Amino acid sequence: MANELKGVQVFAPATVANLVCGFDVLGMALQQPQDVMTMRLRKEPGIVISHADGYDLPVEPEKNVAGASLLALMEEYSEKVGFEVIIDKRIKPGSGLGSSAASSAGAVVGANYLLGNPFSKEDLVRFAMNGEKVASGVKHADNIAPCIYGGVTLIQSIFPLNIVQLTAPPMYVTVVHPQIEVRTSDARQILRKEVQLKAAIKQWGNIAGLVAGFLKNDYDLIGRSLEDVIIEPVRSILIPGFDEVKKKSKEAGALGGGISGSGPSIFMLSKEEYVAKGVEDVMIDVYTRLGIEFKTYVTMINYEGAKVVSEK
Ligand SMILES: Nc1ncnc2c1ncn2[C@@H]1O[C@H](COP(=O)(O)OP(=O)(O)O)[C@@H](O)[C@H]1O
Ligand SMILES: N[C@@H](CCOP(=O)(O)O)C(=O)O
């Protein structure tokens, strides 16, 4: 039964997908930045979307990732319903911080709450994957899953969907977002479709090592496993300053890191806050010298995920 609520405000976190070696299967939710969405039930069926963020994004439901996700949810809901969605994006589209996932996930989390929570988190991931299809042409779940579940997630299988929520020790995440746009669809287009067996062996060893490091709270193992021999060599050429940021961040004590999602954002993991702040200084120095506009964040893993923060 739908809640007799006027409306809700939803926070949906940025996410770091891939986590270096786990292309399309690993992802982590961040405490900052977050998208803010205001949603309410409409008496008439249908979806009305507006943006309060100045981004020139489509508002036709089937062209906006939030709308596409809500359409999937409405198809499975037992009654005809309608939603109004006001999106205030704090995660810039094309950032590599799961902008499309935040809008998709926030929309279905808010809708589910307004309907009295009839759907499971796994259902919500399935619905929100329709938003990723609009954004990048592919129904990947490695941003959506951590955005909805929080923390760190593993997509063991996409079809059928099997999400494994991992434990992970507290870590600082330093992010630099060079203000250039790298669309996920483009960053997928340039990838080779086949890999060498030698590279595959190294990659799946790193994925297993990274997952084991998270589960064992083993920071050294996490650091040693943050290596990508398949995707990063191809995509890093799209990101000016990448190699220098990576090298100098490690020298500053970071555990490791790499491209956030499909880029251009770069993330680095650190055990201590002072190291995370030193890594931020490295990032500021590199992009100031390159003369490229950028934003930085020093944040932590968000163990909660997208949530309704207030009722209107
Ligand atoms: N509500 C929305 N939020 C973010 N992106 C959207 C939204 N609706 C449509 N899009 C499209 O999705 C693309 C952003 O997806 P993507 O390139 O994956 O960015 P990110 O890497 O930040 O997730 C943009 O090009 C934009 O046109
Ligand atoms: N696995 C995807 C992740 C895209 O993340 P985003 O934050 O750039 O949307 C990919 O690498 O293509």
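# Two ligands and a helix

Guide: In this predicted model, a polar side-chain atom of Asp 142 lies 2.6 Å from a nitrogen atom of ligand 2. Residues are numbered from 1 along each chain as written, while chains are lettered from A and ligands numbered from 1 in written order. Local features need pLDDT of at least 70 and side-chain atom pairs 80 or more, whereas totals for chains, interfaces and linings use all residues; side-chain values use heavy atoms, without hydrogens and water.

Visitor: What makes the pair of Asp 142 and ligand 2 a polar contact?

Guide: A polar contact is a pair of N or O atoms within 3.5 Å (within protein, one must be able to donate a hydrogen and the other to accept it, and residues adjacent in sequence count only through two side-chain atoms). The Asp 142 pair is 2.6 Å apart, so it qualifies. The side chain of Asn 18 has an N or O atom 2.8 Å from a nitrogen of ligand 2. Thr 184 places a polar side-chain atom 3.2 Å from an oxygen of ligand 2.

Visitor: How much of ligand 2 does the protein bury?

Guide: Alone, ligand 2 exposes 350 Å², and the protein buries 98% of that (Shrake-Rupley areas, 1.4 Å probe).

Visitor: Which polar contacts does ligand 1 have?

Guide: The side chain of Thr 184 has an N or O atom 2.6 Å from an oxygen of ligand 1. A backbone N or O atom of Ser 99 lies 3.1 Å from an oxygen of ligand 1. Taken alone, ligand 1 exposes 560 Å², of which the protein buries 92%.

Visitor: Which helix gives the largest share of the shell around ligand 1?

Guide: Helix H2 (residues 99-114) does, with 3 residues. A helix here is a DSSP run of H or I, at least four residues, and a strand is a run of E, at least two, numbered from the N terminus.

Visitor: How do you know that the span of H1 agrees with its 12 residues?

Guide: The expected span is 1.5 Å times one less than the number of residues. For H1 (residues 65-76) that gives 16 Å; its end C-alpha atoms are 18 Å apart, which agrees.

Visitor: Why is H1 called largely enclosed?

Guide: Buried means under 20% relative accessible area (exposed is over 50%, partly exposed in between; 1.4 Å probe, protein chains only). In H1, 9 of the 12 residues are buried, so it is largely enclosed by the rest of the structure. Among them are Val 65, Leu 70 and Met 74. The cover includes strand S2 (26-42), strand S4 (82-88) and helix H3 (121-136).

Conventions:
Contact = heavy atoms within 4.5 Å.
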